[in-house]
Amino acid sequence: MSSSLESVLDTVRLIDPDGSPVPPDRYPSDRYAIPADADLVARYRSMVLGRRINDQASALTRQGRLAVYPSSHGQEACQVAAAAALRPGDWLFPTYRDTVAVMERGVDPVEILTWLKGDRHCAYDPLEHHVAPQTTPLATQLLHAVGVAHAGRLQGQDVVAMALCGDGATSEGDFHEALNFAAVFRAPVVFLVQNNKYAISVPLSRQTAAPSLAHKGVGYGVPAVLVDGNDVAALDAVLREAVAHAAAGGRPVLVEADTYRVQAHTNADDPTRYRTEAEVEEWRPRDPIARLRTYLRARGALDDAQEATITAEAEALAATVRDGVSHGPAPDPDDLFEHVFSAMTPQLRAQRDLLREELVAEGADR
Amino acid sequence: MTKMTMVGALNAALRDAMVEDPRVVVFGEDVGPLGGVFRVTDGLTAEFGEDRCFDTPLAESGIVGMAIGMAMNGMRPVVEMQFDAFAYPAFEQVASHLAKIGNRTHGKVRLPVVVRIPYGGGIGGVEHHCDSSEAYYAHTPGLTVVTPATNEDAYGLLRAAIAGSDPVIFFEPKKQYFTKEEVDVTADVPPIGRAVVRREGTDATLIAYGPAVPVALAAAEQAQREGRSLAVVDVRSIVPFDDATVTAAVRATGRAVVVAEAQGFASVASEIVARVTEQCFHHLAAPVRRVTGFDIPFPPPKLERHHLPSVNRILDTVDELQWDES
């Protein structure tokens with residue numbers, strides 16, 4: 001593949017919001033083609049499971065079983081396409097909102113949700129899955145992705161890092177440093193910005209005056225593509241191309257996915273204070289799952305039996321998550337001290353022993 | 001034994017570590033062909049190539065963030081912050097990730113990253129070139145914080161820092177960079193976490209680290225001429241802190257003064273006073289005192305001598321350790 005990939009700053013869309021295929025003469029670039037039905041059925045299944053987990057996790061916050069849940073409801077196309085574009089061994093760098101993408105990379109959803117349950121900060125093994133811990137400080141993980149990719153290049157690995165962030169994160173310095181470092185070091189990183197239009201309450205217009213977030217790639221010499229973030233077919237085509245380009249030329253790509261956060265930032269947020277219901281209503285017909293379903297049904301690629309199977313699978317997964325989040329061993333207070341350093345310092349050992357004594361006394365008092 | 005500067009000792013440590021372990025990479029600002037503004041990385045790019053020692057874009061958060069990722073993927077980055085105050089843009093990466101990813105992942109992901117920071121004054125530097133910022137890092141759980149006071153320790157502690165499993169903030173007392181001392185690079189690498197008694201004494205104990213150690217030793221020398229015997233302990237490792245060595249040295253004399261360049265309020269010196277007081281109270285003949293910088297931004301060059309701990313200020317403080325009452 002050539003070392004230069006031409007930027008596409010007009011939105012790539014392959015399926016219209018009403019589910020009809022976009023005529024290829026309306027594609028902004030002839031590089032893209034609509035994925036095969038089998039791939040899209042797989043994406044459909046993943047989105048349905050992802051939606052179910054999003055909604056299940058939100059329900060668990062209302063029951064007090066999860067402290068908080070930042071849902072990607074409505075952004076499932078970005079979630080599943082990001083994960084599906086990666087090859088075995090590639091890395092994913094997710095944010096707190098990217099539970100579904102992490103799940104799509106094969107991590108057990110109960111393990112993913114453990115940090116929101118309050119038991120420990122990151123329960124899955126990042127090295128086993130090549131999935132970094134879900135990162136809360138915005139844009140910071142993008143630099144880690146550059147480091148993993150650069151180290152991969154230095155060590156002769158065929159590895160691409162997919163780094164996720166939102167529109168708010170593009171205002172952080174680390175976003176710019178990451179794009180710049182990746183470009184300068186030719187690190188194979190795909191940056192996927194899920195532009196869901198809000199950083200908690202602050203709208204996109206307060207984050208940037210640029211024509212698009214994809215334009216930010218231009219200044220760093222990073223090819224950029226703007227894609228309809230609710231069209232999983234377009235995301236699939238764009239992200240697969242980006243991963244292939246990064247892998248072949250060892251160069252980064254920036255992808256902006258135009259999507260929308262139809263729900264609150266988290267269960268603790270009140271979006272009625274900063275946006276109108278009418279605005280949200282405009283986005284509901286653009287739902288990524290309904291769009292793909294209409295497309296696949298019209299083509300005869302998805303029938304009632306398949307849908308029933310997927311629904312049953314989603315319900316079973318939700319039950320597993322409900323059960324897993326509600327049960328399981330209590331976290332061990334010794335863990336507080338165990339991993340601060342690779343070898344416990346004498347001071348931490350003394351503090352651990354103090355807590356142990358307190359807990360013994362507490363037990364005796366009961 | 002070889003006579004070398006601290007810069008030479010640090011350079012030798014980097015070089016030897018790179019020879020020994022291909023996972024060790026060095027990067028930062030001007031560390032490539034120039035060899036660093038202080039020449040600590042001199043010759044490394046020429047010897048090991050661009051992939052092992054390289055310049056980065058001028059962005060400290062980027063440097064530390066990339067180092068974290070490289071460590072996640074099996075390498076051992078040693079990065080240079082050009083000056084103490086220029087490390088602040090990297091603080092989020094240091095405090096939120098470098099220090100905590102090991103803990104966050106229950107030890108699954110260890111980050112053997114060394115962040116080298118030339119620090120302290122005494123070089124006539126303009127603003128932003130003379131900070132003593134160790135307290136910020138020492139206050140952050142998960143960071144090992146060390147600072148050599150001798151050229152031999154500069155070599156040995158840097159080798160130990162690179163060879164370890166945890167992130168290390170490595171503070172280099174830049175005013176000592178070009179002082180020549182005998183260095184035995186074949187000596188056993190000192191374990192991180194051990195203080196060392198630099199000078200025995202019987203009347204009072206000076207506790208110092210980094211650039212304050214030579215000042216404390218000079219004060220002890222002067223005190224000897226004036227008939228008072230001062231011990232000097234070099235902390236070397238701020239985190240983990242060697243309570244055993246420090247408190248034993250204080251118990252032996254019953255009096256202690258902590259000497260450090262950083263401003264004293266909420267400082268490492270304050271922490272040492274608290275620890276010594278908590279652990280040695282019944283052995284103390286006087287309150288433990290501090291000689292530190294004033295609680296001011298680092299002064300302009302023509303005024304810095306008033307700010308830095310001096311032999312006289314140390315000896316005046318020692319004089320105030322309630323000698324008449326014992």
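A salt bridge, as I use the term today, is a side-chain nitrogen of Lys or Arg within 4 Å of a carboxyl oxygen of Asp or Glu. Please keep that in mind, everyone, and hello. What you see here is a predicted model.

Let's start inside chain B. The domain assignment splits this chain into domain 1, residues 2-183, and domain 2, residues 196-319. Their C-alpha centres are 26 Å apart. How many residues are in contact between these two domains? On the side of domain 1 of chain B there are 27, and they meet 23 residues of domain 2 of chain B.

Now, the size of an interface is often given as the accessible area lost when the parts come together. For the two domains of chain B, about 1800 Å² is buried between them, and 58% of that lies on carbon and sulfur atoms. Which residues of domain 1 lose the most area to domain 2 of chain B? They are B:Glu134, B:Thr147 and B:Ala149, which together make up 21% of what the domain 1 side buries.

Back to my opening definition. Between domain 1 and domain 2 of chain B, the count is two salt bridges. B:Asp153 and B:Arg236 form a salt bridge, and their closest N and O atoms are 3.1 Å apart; that is within the 4 Å cut-off, so the pair qualifies. Across this domain interface there are also ten residue pairs in polar contact. On the domain 1 side, α6 (134-138), β6 (144-146) and α7 (151-163) of chain B each bring at least two residues to the surface that touches domain 2. Sorted by class, that side has 13 nonpolar, ten polar and four charged residues.

Let's move on to the two chains. Here 39 residues of chain A are in contact with 44 residues of chain B. The area buried between the chains is about 3400 Å², with carbon and sulfur atoms giving 63% of it. And how many salt bridges are counted between chain A and chain B? Zero. Polar contacts do turn up, though: 18 residue pairs across the interface of chain A and chain B.

Which parts of chain A touch chain B? At least two residues each come from β2 (91-93), α5 (126-129), α6 (140-154), α7 (173-184) and α13 (335-338) of chain A. The largest share, ten residues, is supplied by α6(A). By class, this side of chain A holds 20 nonpolar, 14 polar and five charged residues.

That's my tour; thanks for listening!

Technical notes. Residues numbered from 1 in each chain as written. Chains lettered and ligands numbered in written order. Predicted model: local features only at pLDDT ≥ 70, side-chain atom pairs only at ≥ 80, totals over all residues. Heavy atoms only, no water. Domains from an automatic or database assignment. Contact = heavy atoms within 4.5 Å. Buried area = accessible area lost by both parts, 1.4 Å probe. Polar contact = N/O pair within 3.5 Å; in protein donor to acceptor, adjacent residues only side chain to side chain. Helix = DSSP H or I, 4+ residues; strand = E, 2+ residues; numbered from the N terminus. Nonpolar A, V, L, I, M, F, W, Y, C, P; charged D, E, K, R; others polar.
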